[in-house]
Amino acid sequence: MRVFTARLYHETNSFAPGTTGLADFAPRSGDDVQKARGDGSVLGAALEFAAGRGWEIVPSFDLHASPSAMVDDEVLATALRHVDTDLPRALRGGLDGIFLVLHGAMCTRSHPDAEGVLLSRVRQHLRGADIPVAAVLDLHANVSPAMAANADILVAYRCNPHTDAAETGVRTASLLHEAMRNRVLYRTHLRTVPVILPPTGTGTTEEPMRGLLAIARRHECGPVVAASICPGFAQADTPFTRMSFQIVAEDSPEGNAAAQRAGDDLAGYALANAAAGIPREWNLPEAVRDAVKHGEYPALIVEPADNIGGGTAGDATWLLDEFLRQGIRGAGVVLNAPEAVQSLRGVPAGGRTTVTLGGKHPQLSGPALTLEVEVMRHSDGVFDLADRRSHLASMMGTRIDMGPTALVDCAGNLVLLTSRPTPPMDLGQWLCVGVQPAELGLIGIKAAVAHRRAYDTIARRSYTVSTPGPCTSDLATLPYHRLARPVFPLDPLP
């Protein structure tokens, strides 16, 4: 079986400052795509499955980047050029299937539905040929009609944190294998509801996601082979930003009817329970005081407004500033501060100096802090995941590069300064610089949900706090322009 394979993966935060360019996607093409095999990512797992099933992979391109700001049009244009060149060549040589790894919430300056554009272009080249198209999506995809119409098999992760990303790649590849081997015709049915949830409301062990996933599993029988729940990514300002369900069923009257029933059940539950996905968050100073009062450490101070896994820069100083205001000692904070790391390069371990952190966008990420620090350690910032099923593996594989780092002591608190925004999804981030996170007092966490698999294993208390930032849970404060209204919670439920 010859299978055309490519990856276009990015979660775009429309409200984060800056632009994500082609160089940020570490472009690979041709046989270099296969270098992902065995790296713990969705693509890597699918390539391992393909080898085990004897597929002949026809690799096209690999464009993936960590969540960040709006994507330059050149990135999508590059992907389309590869499709226009590589897919016709593959078709001339004979092709049995197409396997794509996507995110589902990628926006460029000109295209709010990058994946829909890509899948539409793929379908145009097929010209009606009976070649199944399968694609894997992140759970936070904003699924458009174009995406569903042009993919026979559209399957999203089931877990948040995304511990099942690689597993989902294998599950999707298995469905494609079945379609190719037995000539089974599948169809993706799309159902949406006018609901958007902040990232903090999309954890799959809590409502409404827990109940929705249970309904989906009940409907996966008979002609329905996959039912996915995508609560969407609220920080992507698109006409398609909302909760959606993708039901993959055999393309038959029975399959269509079963998919309709599944969609009805899911939509009804989502509308009835949407309010459960709007979180209550602590005031930051009160959360710190409460954590100190109880003295149960480590205590997590979780800051979703600077959720690096949601595309922020990871440079907000709100938490560190508050720790210092309250005289906290023994805390740990990770800040993305490439300029500060560069300024510290000549300062040896044990040396003291002053450094300025943050302040690039004071309204979004807090004030600039000029602080006296002691350098504890320099590092290249490369580490292997302590947990190969970490949420981080779905985005970046199992070897993570934070860029050059500096670990500093600031008034008795450890601050890990990185050169690249690195989501706090794995304890290896601290362990690689010689810090045992379980021995810290307060730990600042720039995340919404994805940190839980790692940090819940050591935390004794956890506080989710409200601060300004491009990934705020208060969706009413975001300047939406493309979002289709009405939609809850900005508008009343129907």
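Two strands are said to pair if DSSP finds at least two bridges between them. In this predicted model, strand 10, residues 282–283, meets that condition with strand 20, because two bridges join the two strands in the parallel sense. Within this pairing, Trp 282 stands opposite Val 465 in strand 20. Strand 20 also runs parallel to strand 11, which spans residues 299–302, and four bridges join these two strands. Here Ile 301 stands opposite Tyr 463 of strand 20.

The packing of nonpolar residues was examined next. In soluble globular proteins, nonpolar side chains tend to be buried together. The largest nonpolar core of the model contains 78 residues. Among its members, Trp 55, Phe 99, Phe 245, Trp 430 and Tyr 455 touch the most other members. When neighbours within four places in sequence are left aside, the contacts of Phe 245 include His 189, Leu 190, Arg 191 and Val 193. Leu 212, Ser 228 and Ile 229 are likewise in contact with Phe 245, as are Leu 266, Ala 267 and Ala 270. A second core, separate from the largest one, consists of 38 residues, including Val 71, Leu 119, Leu 137 and Ala 141.

Attention then turned to the backbone. Most residues other than glycine have a negative phi, and most peptide bonds are trans. Two cis peptide bonds that precede proline are described here. One leads from Glu 207 to Pro 208, with omega near 5 degrees. Pro 208 lies in the loop between strand 7 (186–193) and helix 6 (209–219). The other cis bond leads from Arg 485 to Pro 486, and its omega is near 0 degrees. Pro 486 belongs to the segment after strand 20 (461–466).

Positive phi values were found at two arginine residues. Arg 127 has a phi of about 50 degrees, although this residue is not a glycine. Its place is in the loop between helix 3 (114–126) and strand 5 (133–137). The relative accessible area of Arg 127 is 74%, and this residue is therefore classed as exposed, the cut-off being over 50%. Arg 183 has a positive phi near 55 degrees and is likewise a residue other than glycine. The loop that holds Arg 183 lies between helix 5 (165–182) and strand 7. With a relative accessible area of 55%, Arg 183 is also over the 50% cut-off and so counts as exposed.

Conventions:
Residues numbered from 1 in each chain as written. Predicted model: local features only at pLDDT ≥ 70, side-chain atom pairs only at ≥ 80, totals over all residues. Heavy atoms only, no water. Core = buried A, V, L, I, M, F, W, Y, C linked by side-chain atoms within 4.5 Å. Buried < 20%, exposed > 50% of the residue type's maximum accessible area, 1.4 Å probe, protein only. Contact = heavy atoms within 4.5 Å.
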